[in-house]
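Colleague: I have a model on screen and would like to learn how to read it. Can we take the features in turn?

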Amino acid sequence: MTEHPGADVVIEAQNLDLTFETNDGPVHALKDVSLTIDKGEFVSFIGPSGCGKTTFLRCIAALEQPTGGSLSVNGMTPDEARRNRAYGYVFQAAGLYPWRTIARNIKLPLEIMGYSRSEQEERVNNVLQLVDLEGFGGKYPWQLSGGMQQRASIARALAFDADILLMDEPFGALDEIVRDHLNEQLLALWARTEKTIGFVTHSIPEAVYLSTKIVVMSPRPGRITDVIDSPLPKERPLDIRDTPEFIEVAHRVREGLRAGHSE
Amino acid sequence: MKQVLAVLTVVAVIIAFWYAASVPMNIRGVLVEAERAGEVVDPPKAADRRQIDEFELILDNPFAIDDTWEQERPRLPAPHQVAEELWDTTVEKKITSKRSLVYHAWVTLSATLLGFAFGTGLGILLAVGIVHSKVMDMSVMPWAIVSQTIPIIALAPMIIVVLYSVGVQGIIPKAVISAYLSFFPVVVGMVKGLRSPDMMQLDLLRTYGASKAQGFWKLRLPASMPYLFASLKIGIAASLVGAIVGELPTGAVAGLGARLLAGSYYGQTVQIWSALFGAAILAACLVGLLGLIERAVLKRMGMA
Amino acid sequence: MMLILAAMLLWAFGWWLNLRLAEGSYAHTRAIQVTVPLIFGLTILVVWELLVRGLQVPLVILPPPTMIAGRFASSTSILWADFVQTFVKGALSGYVMGCCAAFVMAIAVDRSTFLRMGLLPVGNFVAALPIVGTAPILVMWFGFDWQSKAAVVVVMVFFPMLVNTVAGLRETTAMQRDLMETYAASYWQSFFKLRLPAAMPFIFNGLKISTTLALIGAIVAEFFGSPTVGMGFRISTSVGQLALDMVWAEIVVAALAGTLFYGAVAMIEKVVTFWHPSQRG
């Protein structure tokens with residue numbers, strides 16, 4: 001356990017290492033990764049495949065065990081945080097259960113965590129509103145479009161009081177128009193709920209548009225090459241993407257990615 | 001490697017359990033024999049022993065445990081007895097001998113293979129017809145599917161007797177049963193396989209201006225291979241069961257089914273068990289052989 | 001001669017009718033899709049009747065359908081007793097016991113990786129074997145009555161059911177399991193909320209395969225010895241007496257029982273797995 005300086009530090013990684021043993025020898029998924037995330041930040045992880053961005057997110061969620069270094073979430077080990085239900089996780093695919101309606105899908109974590117029936121109802125209605133899906137609670141996932149399914153899966157992650165939202169390329173499988181729309185909604189949601197968000201993507205505009213902090217990573221071994229604090233204001237309309245500030249940040253991200261590549 | 005270890009462990013546990021089960025299963029018979037041989041059995045009277053459960057009998061007569069694995073007609077023969085019988089009747093006997101299991105297995109196998117070849121051939125032909133003719137599809141396919149849910153094996157005794165009454169006997173009646181048991185799974189599987197190419201692949205061929213026959217040979221037939229092999233494996237197992245069952249009603253003198261029946265008439269349990277294992281080994285070999293052919297064919301087609 | 005001609009004409013007519021219906025513009029409607037196979041089946045029955053009468057086929061080879069129907073109608077009490085003995089007592093009780101046992105075993109196997117790695121290949125192997133051959137042994141152990149038939153059925157349905165259930169319980173994706181992990185769900189929570197529902201299509205596949213196996217096991221086991229009642233008993237003794245109309249009546253019972261049994265399980269499946277792509281259509 002590491003001492004964390006301020007109370008507002010939510011996630012702290014120091015010299016994190018993770019090596020997978022494979023048939024072709026060990027693979028360095030993460031090497032010497034150090035990063036601090038404060039409460040209420042929106043942090044994007046960007047890099048080519050194999051750079052360890054998803055692995056890092058999975059380490060935070062205690063879905064992978066680091067082989068070295070230290071990692072704390074809310075001052076606890078990731079596994080303790082998991083048991084305290086400290087985060088909601090959104091995967092690349094919506095992963096809704098086809099045998100449950102949207103409302104009952106959102107109830108799933110609530111049932112597991114033992115919320116009362118009336119509270120379940122209330123929370124479902126709240127989050128359905130939050131992701132703009134009122135009136136769709138009685139539908140089955142396969143009756144909805146891909147974008148709506150992904151929104152439902154975000155609602156599922158928001159339904160319980162986790163203060164960290166971990167999102168692993170949540171919009172990767174959607175087309176660009178739907179994606180823009182969901183990005184806008186996600187920012188609004190973040191502003192309203194003040195959650196801490198970790199967001200994995202491989203789209204530069206998406207990362208720059210959404211984040212307060214952009215973590216650029218590169219592969220073999222997976223490591224952090226640059227951490228960029230975004231100068232963009234908290235209020236971000238979609239056309240902010242045409243401003244010089246935005247282009248400047250995007251340029252720096254691209255430089256970082258290129259530097260990681262040429263090594 | 002770990003898998004092999006796990007399988008071996010499971011098999012070892014099964015064999016150990018089998019040995020253990022042979023003791024209570026056979027203890028009464030052993031004690032009767034011991035009593036006749038003049039040994040001291042506790043309790044000495046058969047009538048008293050009937051009141052006591054098997055496990056107490058074992059505890060009271062520990063000397064008898066060894067004999068439970070060596071009886072001539074045990075209720076449950078021990079694994080090594082079955083293995084010995086299998087060895088005796090396959091390797092030690094000449095294969096032309098009536099007592100050779102290889103001979104009996106061959107009798108059953110030849111009927112199985114003949115029937116399987118016919119059933120499969122007709123099944124594939126019907127499947128091709130169904131895929132190319134809408135009226136055949138709509139008329140026949142529902143019945144082919146329904147036929148899978150009914151125990152058509154119940155027809156076996158009748159086929160044997162009817163064919164016998166018109167003077168056909170020997171391998172043919174059994175082959176007929178084998179044929180129709182493998183027929184329906186092959187039809188259903190093959191239709192599924194021939195229909196497995198998706199619209200995009202069919203449209204692609206259409207853009208090449210391919211004829212219906214070209215579409216069949218170049219796309220539908222290759223695409224159906226995995227499905228065909230899956231149903232062939234089901235079909236051959238069904239064929240073998242058909243041939244064995246076909247040997248039951250007429251009291252056939254040769255074949256694995258005949259061995260099972262004769263064994264059950266005369267209480268020759270070791271013979272039943274070895275015939276059963278013979279059938280199991282035969283089935284495993286047939287399915288395994290089809291698996292090998294499947295691998296080779298799919299590999300040549302670049303699908304595996 | 002007239003009858004044979006009539007049979008051929010009828011066959012041609014039936015085929016022509018089906019051809020018109022299948023190529024017609026209503027071919028995709030439910031009504032036509034039911035009618036066409038019915039016409040086909042009826043044509044076969046009538047052609048069978050006409051041919052048997054026209055060619056004067058001996059009754060010991062093939063009785064005409066009307067005679068089978070007559071026999072069926074006049075011996076309903078015997079057929080019912082046989083049905084109860086073989087289907088209800090033998091097949092159904094064995095089916096329930098075998099499937100339940102396999103289900104419990106599947107959960108045990110699923111909890112241990114080692115057991116799964118070891119037992120699954122063995123189970124797959126046994127599922128392909130001619131298990132019906134155990135019938136003489138089990139008849140010897142459990143006597144001639146329905147108990148031995150139920151035992152054969154238990155052995156026959158156990159392995160296909162086990163293999164399917166275990167495969168079904170493995171069916172969840174890594175992502176779905178990770179999701180449960182992030183909720184810190186317990187084993188039984190993720191079992192009941194995720195893995196059991198996800199396994200249902202596989203479990204029902206096993207249940208459906210087992211319906212036919214159960215009936216086969218119960219009937220064939222009677223060939224190795226039975227009381228003087230039961231479908232397998234009636235078939236083998238009637239064959240011996242060359243009473244083929246009775247054999248066919250019994251086969252009709254077996255076919256009806258098999259289809260209805262399967263249909264009932266398939267209907268429950270439709271309700272339980274309404275969400276599966278194969279059921280949505």
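Modeller: Start with the record. UniProt, in an unreviewed entry, lists residues 13-240 of chain A for "domain: ABC transporter". UniProt positions follow the numbering used here, feature names are shortened, and annotations may be inferred rather than shown by experiment. Over residues 13-240, chain A is 34% helix and 28% strand, with the end C-alpha atoms 32 Å apart. Keep in mind that this is a predicted model: local features need pLDDT of at least 70, side-chain atom pairs count only at pLDDT 80 or more, and totals for chains, interfaces and linings use all residues. Residues are numbered from 1 along each chain as its sequence is written, while chains are lettered from A and ligands numbered from 1 in the order in which they are written.

Colleague: How many helices and strands does chain A have?

Modeller: Helices (H or I, at least four residues) and strands (E, at least two) are DSSP runs, numbered from the N terminus. Chain A has 8 helices and 9 strands. Chain C has 12 helices and 0 strands.

Colleague: Which of the two words fits chain C, compact or spread out?

Modeller: Use the radius of gyration, taken over C-alpha atoms; the globule rule is 2.2 Å times the number of residues to the power 0.38. For chain C the radius is 24 Å, well over the 19 Å that the rule gives for 281 residues, so chain C is more spread out than a compact globule. Its C-alpha atoms fill a box of roughly 80 × 60 × 30 Å along the principal axes.

Colleague: And chain A?

Modeller: Chain A comes to 8 helices and 9 strands. Its radius of gyration is 18 Å, close to the 18 Å given by the rule for 263 residues, so chain A is as compact as a globular protein of that length. The box here is roughly 55 × 45 × 40 Å, along the principal axes.

Colleague: What share of chain A is buried?

Modeller: A residue is buried if 20 or more other C-beta atoms, placed from the backbone, lie within 10 Å of its own. Buried residues make up 43% of the 263 residues in chain A. In chain C they make up 44% of 281.

Colleague: How many residues does each side bring to the contact between chain B and chain C?

Modeller: Two residues are in contact if their C-beta atoms, placed from the backbone, lie within 7 Å. Chain B brings 46 residues and chain C brings 48. On the chain B side, H7(B) gives the most, with 8 residues.

Definitions and conventions. Buried ≥ 20, exposed ≤ 12 C-beta atoms within 10 Å, placed from the backbone.
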